[in-house]
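Biologist: I am new to this structure and would be grateful for a close look at a single part of it. Please take the paired strands as the subject, and then turn to the loops that deserve mention.

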Amino acid sequence: MAHKNIFPCIFFSILFCVSFTVAQGARTFNIKSYGAIADGRIDNRKAFLRAWMDACDQKEVSIVYIPKGVYMLGSVEFAGPCRGVTMFFMKGDLRAPRGAFLNVETWLGFRYVDNLIMKGGGTLDGQGQSAWPFNQCHKNNNCQTLPISVKFDFVTNSRIKSIRSIHSKNAHFSFFGCTNINISNVELLAPDYSPNTDGIKMGSSSNIRISYSKISTGDDCIAILSDTSNIDISNVYCGPGHGISIGSLGKYTNEKNVNGVSVRKCTLNGTDNGIRIKSWESPISITASNFLFQDIFMYNVRNPIIIDQTYCPHPPCNRQTASHVQIRDVTYRNIFGTSSSEIAVSMQCSKKFPCKNIVMTDIKFGHHGTKKSLKSYCSYVNGRFFGRQYPPPCF
């Protein structure tokens, strides 16, 4: 199966030119000029919002500049549309208030912004240690949520680069309704015991590229959800965490297809899962298709290659019917490393909609730390295999 270059390269050329020009002709709005205090205690929301609004109102390139220091910042939304290119330039560190803040959806939000550049090398500290004990969402679905560190809603033609996020209360970065986003050289960190701290999660978005980044967290390193297309992930280090996931899918009635995901040249170390596609047993009918997983190294991963169409994280689940999510046109190529479990390849597809056109080429795993034999487990899979295969294929 031929996989096209799914991301328009001209977009990155434009972003590079914009970033280069910013230093030459931009107008700078220093948050300290608006009264921000870098003592790590006083809430600086008013200063940040005033600086943002003035920058957003400029026709030319503008910079919201956060100088070095630690700035406490409560929940705040930076809204557009803006009149020109807006850079959120973080040399300093932002610190969330301590505590749970139950049912506050977002710590920092960017909404309806075109041509946003977020960079600078600063750190976002969600202070999740003070909130994780209040999180019950990893135990049941009827729970009060904690705030996502940075939420991008309806953001387009934008770049996030050289930003560090630590100890998020919930997910680190979330994207909804976004198009043409380039994420590179980010570091997203939370302990493996931190609940629901996905690194990057996205839904209803397209043309998103993630590259040269490190994600170590307590949930999915990257989660790709409903109505998402043309996603390119490369040179990402993931671990600890739950791996790189497509889904879960098929839970909500308004879900839409997921199409065109490429995961290449990535490393997964000590994760619960490697590359995973997961869907609920429900009558929600969508298609998940055109996925490429290539040149991926895994070390001590519990479930290296997994398709789970009986997904049920908090039993008992309402298993209404076999999953109606049709998974098709999935290629696994040159995937190797060590598995911490005896089943290195597990594909539990839907009885009603079996997986179609699953292609596996050059798959090679050993058992981590032992010489135990490895196994594959499959149900309702239609596919082909080529080259080296260990464990032996099961379809």
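Modeller: The account may begin with strand β8, residues 116-119, which is joined to strand β11, residues 156-161, by two bridges, the two strands running parallel. Within this pairing, isoleucine 117 is placed opposite arginine 159 of β11. The model under discussion is a predicted one. Strand β11 also has a partner in strand β14, residues 179-184; here five bridges connect the strands, again in the parallel sense. In that pairing serine 158 faces isoleucine 181 of β14. Strand β11 thus pairs with β8 and with β14.

A second group of strands is arranged around β10. Strand β7, residues 106-111, pairs with β10 in the parallel sense over five bridges, and phenylalanine 110 has phenylalanine 152 in β10 as its bridge partner. Strand β10 is further joined to strand β13, residues 173-176, by four bridges, and these two strands run parallel as well. The residue opposite lysine 151 is serine 174 in β13. As for its surroundings, β10 spans residues 148-153, and because six of its six residues are buried, the strand is largely enclosed by the rest of the structure. As a general point, side chains in a regular strand alternate between the two faces of the sheet.

From the strands one may pass to the loops. Serine 205 belongs to the loop between β16 (200-203) and β17 (206-216). Its relative accessible area is 2%, and it is therefore buried, since the limit for that class is under 20%. A polar atom of the serine 205 side chain lies 3.4 Å from the backbone nitrogen of glycine 177. When residues up to four places away in sequence are set aside, serine 205 touches Phe175, Phe176, Gly177, Cys178, Asp227, Thr228 and Ser229. Among these, Phe175 and Phe176 fall within the range given for β13, residues 173-176.

Another loop holds a position marked in a record. UniProt, in an unreviewed entry, places the feature "active site" at His242. Histidine 242 is located in the loop between β19 (229-238) and β20 (244-249). With 24% relative accessibility, histidine 242 counts as partly exposed, because this value lies between the 20% limit for buried and the 50% limit for exposed. Apart from neighbours within four places in sequence, histidine 242 is in contact with Gly218, Asp219, Asp220, Asp272, Asn273 and Arg276. The two loop residues can be set side by side: serine 205 is buried, whereas histidine 242 is partly exposed.

Methods. Residues numbered from 1 in each chain as written. Predicted model: local features only at pLDDT ≥ 70, side-chain atom pairs only at ≥ 80, totals over all residues. Heavy atoms only, no water. UniProt positions renumbered as here; feature names shortened; annotations may be inferred. Buried < 20%, exposed > 50% of the residue type's maximum accessible area, 1.4 Å probe, protein only. Contact = heavy atoms within 4.5 Å. Pairing = 2+ DSSP bridges. Polar contact = N/O pair within 3.5 Å; in protein donor to acceptor, adjacent residues only side chain to side chain.
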